[in-house]
Amino acid sequence: MNPYVLAILLSSLGLGTTLTFASSHWLLAWMGLEINTLAITPLMAQHHHPRAVEATTKYFLTQATAAAMILFASTTNAWMTGEWSINDLTNPIASTMFMTALALKIGLAPMHFWLPEVLQGLDLTTGLILSTWQKLAPFALIIQTAQTIDPTLLTLLGATSTLVGGWGGLNQTQLRKILAYSSIAHMGWMIIVIQYAPQLTLIALGTYIIMTSAAFLTLKTSFTTKINTLATTWSKNPILTSATALALLSLGGLPPLTGFMPKWLILQELTKQDLPIIATVMALAALISLYFYLRLCYAMTLTISPNTTNSTTPWRIQTTQTLLPLALFTTTALGLLPMTPTIMMLTT
Amino acid sequence: MLKVLIPTIMLFPTIWLVSPKWLWTTTTAHSLLIASISLTWLKWTSEAGWTSSNMYLATDPLSTPLLVLTCWLLPLMILASQNHITPEPISRQRSYITLLASLQTFLIMAFGATEIIMFYIMFEATLIPTLIIITRWGNQTERLNAGTYFLFYTLAGSLPLLVALLLLQQSTGTLSMLVLQYSQPLQLNSWGHMIWWAGCLIAFLVKMPLYGVHLWLPKAHVEAPVAGSMVLAAVLLKLGGYGMMRMMVMLDPLSKELAYPFIILALWGIIMTGSICLRQTDLKSLIAYSSVSHMGLVAGGILIQTPWGFSGAIILMIAHGLVSSALFCLANTAYERTHSRTMILARGLQVIFPLTAVWWFIANLANLALPPLPNLMGEIMIITTLFSWSPWTILLTGAGTLITAGYSLYMFLMSQRGPTPNHIMGLQPFHTREHLLMTLHLIPVLLLVTKPELMWGWCY
């Protein structure tokens, strides 16, 4: 893509999120979200491939619907209470509509159906931006309004997302769809605790961004998009395959890796709030996701190499990509658990 | 504690920086040094109290025998793996020993933990290296299934444990074992509390394993390479027993009634798994099921919460750890020579390997709890205390003892006596390394006969 166009689009992406972060008026927040949607649309369609264009269209339609609903919700609230401020979303109809719209925006179940198909149609870099950057602005809004939203709705969204994220990913062989369902599951964990301890939502979001970035960057470095090609990554970069296996187990939430931290803290908060049954249900639902992460580990690292391969190994060429972000994200995705007190202090 | 933990962590740079031809020698020597330093833990400065080293890690008479067993096992694992790992490329050899060393680190921190959540995290952390050892270095296609069973059985039990521990922290305000042993007994009287009780124990019962949830064990033990089998049988199962013993302190008085189904399952499991052993054709599977059988006895001993029960449980855990590991090493020697685990293919070995037949003999005698070995001490104590708890248990435990003797003798006669098949006449003779390995397993068992007080735990 033309570097000037790319610069405009990326800076618009940054602008949109920053605008939403900085806003206290609903119209400005909506504007930030719309700028994000519009800026990422050309990035998604840049390859002019029919599948990419289809994904772009689906993404645009869902995001536009969600944004329109947000506008409607905020206007309803303004009509009913006279307040345009984000912190004053007090009308129950407005807050429920708003939460549903935002659930559609970030891909929470049961409004998640667009996410796997959209993510599948994108190249890995744009998919990374979609999974990580595009979640920040909506979460800023959710955290600000979480206190006024019906608790049952939030718990329902959270628990359903974790279960859907687990069961949906079980039958997938395409890695981008697997990462989409993993995103849905992680969003569920973030939403369930938001009414009790929003800082844990931030921690969960932060660790999710780190781990997903590690996963996407690994796939980008080894040019793999499905499990079959994942099985030959050992020949391209053996050290990366072992590190990625651990990063996938971190996504699954196994101690002593970073992914355990949000799950532990969220379970602690839920038990503090006298919700042990929901805590147990969430914890066991995470096991379903772990199954397909483990399957990826098996395909990539844990089966004997170099003896039995089902295909010829690809040519190994020196890579032209920068590997520093991959190294940083992978290391952080594996080793951050002992820093839990520091991170908790940073977000309180 | 740090004088053992820091050398263990320094094992990682040692593994990766030493030159290839000194790798195995150096790691074996290093881990033997760590094992000998760990023996200093056996001197308890305060009876039944914690020989504390810092706020987070401490040892007491319950954890010390298990810690020494863990540290003792690392050089043995490295010795046992030497033959089948050496043909691989050097970085893979280093990765393998790194996995063993990381398992060791997590186990030391688990047994030494004073905060229950620390114990939990280390308990779970041991899953990842074990999973990698089983699935990456196992030899048959079934190893993937074995790894999945292993991971998911353990996690399905331990995630409710995490919630239960967080609930405990809510109600008592602390999860430090140092403090909880002096806390007021909890008022446990509702259905919710009963579910909490079950949540606290199921993870450890799955790990032990209890008979109904034991299916992961034969798969994992059989598919793992020899070091994996050794560490699984000797130490990882004992994590379950140790966890149960720590948690039982807080779970009174519900345990009086609620333990019934689990005790029954444990005792019935002794008979069932023992009987399965008599029909096995796969040598490692036989040893794995015998582990389930012994651990059933341990679970029964812990669940009735008497002093003899606890002491018998620890003694049997230590003795079984050493003996079971020895049996897996012996099975591996047969496997490395014939590349088959089927018992009828490696028969009559006494004729060609006479000294090894002695090791087989001693190991099998220990397995069937011959006096004066510590296996007998543990079993007798548990059987006696179960009898005093309810006389009817003698039917199950007595029959279990008979069946144990039956399959141990079967294992010995099948592998050592009888006609030697023609196809194994020309097998490679035993290496000194393998004899050393067996000696290092069996000498501690024999030495423990002379000072069993080391293993008696709190009731010394």
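Let's go straight to where the two chains meet: 29 residues of chain A are in contact with 29 residues of chain B. Please keep in mind, everyone, that this is a predicted model. Between them, chain A and chain B bury about 2,600 Å², and 79% of that area is on carbon and sulfur atoms. Which three residues of chain A supply more of its buried area against chain B than any other three? They are Leu287(A), Tyr298(A) and Leu302(A), and together they supply 21% of the area that chain A buries there.

What about charges and polar groups at this interface? The rule finds zero salt bridges across the interface of chain A and chain B. For polar contacts, it finds three residue pairs across that interface, with both residues at pLDDT 80 or more.

Now, if you have the structure open, here is where to look on chain A. The elements that each give two or more residues to the side touching chain B are helix 12, residues 238-251, helix 13, residues 260-272, and helix 14, residues 276-302. Which of the elements gives the largest share of that side? It is helix 14 of chain A, with twelve residues. Sorted by class, the side of chain A that touches chain B has 22 nonpolar residues, six polar ones and one charged one.

Let me step back to each chain as a whole, beginning with chain A. Chain A has 16 helices and zero strands. Its C-alpha trace spans about 70 × 50 × 35 Å along the principal axes. A compact globule of 348 residues would have a radius of gyration near 20 Å, and chain A has 20 Å, so the two agree. From the record, UniProt has an annotation in an unreviewed entry, "domain: NADH:quinone oxidoreductase/Mrp antiporter transmembrane", which covers residues 23-288 of chain A. That span is 77% helix and 0% strand, and its end C-alpha atoms lie 38 Å apart.

Over to chain B, then. Here we have 20 helices and two strands. The C-alpha atoms of chain B fill a box of roughly 70 × 55 × 45 Å along the principal axes. For 460 residues, a compact globule would have a radius of gyration near 23 Å; chain B has 21 Å, which agrees. UniProt, again in an unreviewed entry, places the feature "domain: NADH:quinone oxidoreductase/Mrp antiporter transmembrane" at residues 113-403 of chain B. Over those residues chain B is 77% helix and 0% strand, with the end C-alpha atoms 37 Å apart.

I'd like to finish with two local details, both in chain A. The structure holds seven salt bridges over all chains. One of them joins Glu54(A) and Lys58(A), whose closest N and O atoms are 2.8 Å apart. Why are these two residues separated by about one helical turn? Because Glu54(A) and Lys58(A) are four residues apart in helix 3 of chain A, which runs over residues 50-81. As a reminder, side chains of opposite charge can pair when their charged atoms come close.

The other detail is Gln321(A), which sits in the loop between helix 14 and helix 15 of chain A. What does Gln321(A) touch beyond its neighbours within four places in sequence? Its contacts there are Lys220(A), Thr221(A) and Phe223(A). With Lys220(A), a polar atom of the Gln321(A) side chain lies 3.2 Å from the backbone oxygen.

Definitions and conventions. Residues numbered from 1 in each chain as written. Chains lettered and ligands numbered in written order. Heavy atoms only, no water. Contact = heavy atoms within 4.5 Å. Buried area = accessible area lost by both parts, 1.4 Å probe. Salt bridge = Lys/Arg side-chain N within 4 Å of Asp/Glu carboxyl O. Polar contact = N/O pair within 3.5 Å; in protein donor to acceptor, adjacent residues only side chain to side chain. Nonpolar A, V, L, I, M, F, W, Y, C, P; charged D, E, K, R; others polar. UniProt positions renumbered as here; feature names shortened; annotations may be inferred. Rg over C-alpha atoms; globule rule 2.2 N^0.38 Å.
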